[in-house]
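Hi everyone, thanks for coming. I'd like to walk you through one structure this morning, so let's get it up on the screen.

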Amino acid sequence: MSGTGGPTGPTVRALLFGVPMLAGELPGFDAEAAPEEPFPLFLAWLTEALVAGVREPHAMTLATVDADGCPDLRVVALRDATEAGWTFATNADSPKGRQLAGQPQAAVLFHWREQGRQIRVRGPVVRADAETTTRDFLDRLPGSRAASLVGRQSEVLTDPAALPRAFEDALARVEADPGTVDPLHALFTLSPRSVEFWQGVPGRGHIRLRYRADRAGGPWLRERLWP
Ligand SMILES: Cc1cc2nc3c(=O)[nH]c(=O)nc-3n(C[C@H](O)[C@H](O)[C@H](O)COP(=O)(O)O)c2cc1C
């Protein structure tokens, strides 16, 4: 393997010097006029992100904790969101799947850098029933179903040549029987207890609005936070 850096190259600090953050024109956010519940605001911001051409606005960072209480995180795709929560899919046997089985609490984060926006959601996580999970799986494109059927997510890949073979085998299974369902496919919904909207406003104090609830569905307490 080759790298691009070396012991004589510039330091990270030097590389980052002067790299702008929250640059360009950012949208406004009237927190005082925000809705009483977080979901309509999420929907409004997601719609604005799509209209603004934000790349992969559905890519969210999912944080979980392992059995030792050590946090872990990775990007997953948002499959759906409703008042009931934010839904994503993964392999039940993956590290995150096992972490969620052991500690069904999580946080997700959206960072829409083109708009200087961040959304944080925290709360308990519930796994969907078999019928909903199967429907979600069969809704996917064949390539995505094959990738899922390959399985073994996050296991050590000792022979890299085994991966394309496994993928081709899985794709052949999907093509031969389009009703094939990955038994390890799992769908989780994070039920929000806290949702925070952050709008960057360089030089004038960023705007933060947090919604909090003690139970699913509210009632929601709205609070402005110091940046
Ligand atoms: C843009 C993007 C989207 C991803 N979407 C998913 C996803 O929806 N589900 C998933 O299991 N992994 C997804 N991944 C891969 C995960 O980040 C991660 O590598 C994998 O799930 C293993 O995580 P784990 O070892 O913590 O279980 C995605 C990665 C990226 C960068």
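Strand 2 is the biggest contributor to the shell around the ligand, supplying four residues. Before I go further, please keep in mind that this is a predicted model. Strand 2 covers 71–82, and along with strand 3 (85–91) and helix 3 (95–102) it belongs to the elements that each give at least two residues to that shell.

Who is in the shell, then? Around the ligand you'll find Glu-56, Arg-74, Val-75, Val-76, Ala-77, Ala-89, Thr-90, Ser-94, Pro-95, Lys-96, Gln-153 and Ser-154. By character, that shell splits into five nonpolar, four polar and three charged residues.

Now, the polar atoms. How far is a backbone N or O atom of Val-75 from an oxygen atom of the ligand? The distance there is 2.6 Å. Thr-90 uses its side chain: an N or O atom in it sits 2.6 Å from a ligand oxygen. For Lys-96, a polar side-chain atom is 2.6 Å from an oxygen atom of the ligand. As for overall cover, the ligand on its own has 630 Å² of accessible area, and the protein covers 62% of that.

Let me stay with Thr-90 for a moment. This residue is in strand 3. Is Thr-90 buried or exposed? Its relative accessible area is 8%, which is under the 20% cut-off, so Thr-90 counts as buried. The side chain of Thr-90 also makes a polar contact of 3.3 Å with the side chain of Gln-153. Leaving aside residues up to four places away in sequence, Thr-90 touches Lys-96, Gln-153, Leu-184, His-185, Ala-186 and Phe-188. You'll recognise Lys-96 and Gln-153 from the ligand shell.

For contrast, have a look at Ala-162. You'll find it in helix 6, which runs over residues 162–176. With a relative accessible area of 27%, Ala-162 falls between the 20% and 50% cut-offs and is therefore partly exposed. If you want a feel for distance, try Ala-162 and Val-108: they are 54 residues apart in sequence, and their C-alpha atoms are 33 Å apart in space.

On to the interior. In soluble globular proteins, nonpolar side chains tend to be buried together. Here, the largest nonpolar core has 37 residues, and the members touching the most others are Phe-42, Phe-110, Trp-112, Ile-119 and Phe-197. Which helix gives the most to this core? That would be helix 2, residues 38–51, with six residues. A second core, separate from that one, has six residues, among them Ala-146, Leu-149, Ala-170 and Val-174.

Phe-197 is worth clicking on. Again leaving out residues up to four places away in sequence, its contacts include Phe-29, Pro-38, Leu-41, Phe-42, Trp-45 and Ile-119. Gln-118 and Arg-208 are also among the residues that Phe-197 touches.

Let's zoom out to finish. The chain has six helices and nine strands, and its C-alpha atoms fill a box of roughly 55 × 55 × 40 Å along the principal axes. Of its 227 residues, 36% count as buried. The accessible surface is about 14100 Å², with 55% of it belonging to carbon and sulfur atoms. And if you take contacts between residues at least 6 apart in sequence, 63% of them join residues at least 24 apart.

That's my tour. Happy to take questions!

Definitions and conventions: Residues are numbered from 1 along each chain as its sequence is written. This is a predicted model: local features need pLDDT of at least 70, side-chain atom pairs count only at pLDDT 80 or more; totals for chains, interfaces and linings use all residues. Side-chain values use heavy atoms; hydrogens and water are left out. A nonpolar core is a set of buried Ala, Val, Leu, Ile, Met, Phe, Trp, Tyr and Cys residues joined through side-chain atoms within 4.5 Å. Buried means under 20% relative accessible area, exposed over 50%, partly exposed in between (1.4 Å probe, protein chains only). Contact means heavy atoms within 4.5 Å. A residue is near a molecule or strand if one of its heavy atoms lies within 4 Å of it. A polar contact is a pair of N or O atoms within 3.5 Å; within protein, one must be able to donate a hydrogen and the other to accept it, and residues adjacent in sequence count only if both atoms are side-chain atoms. Accessible areas come from the Shrake-Rupley method with a 1.4 Å probe; for residues, only the protein chains shown count as cover. Ala, Val, Leu, Ile, Met, Phe, Trp, Tyr, Cys and Pro count as nonpolar, Asp, Glu, Lys and Arg as charged, and the others, Gly among them, as polar.
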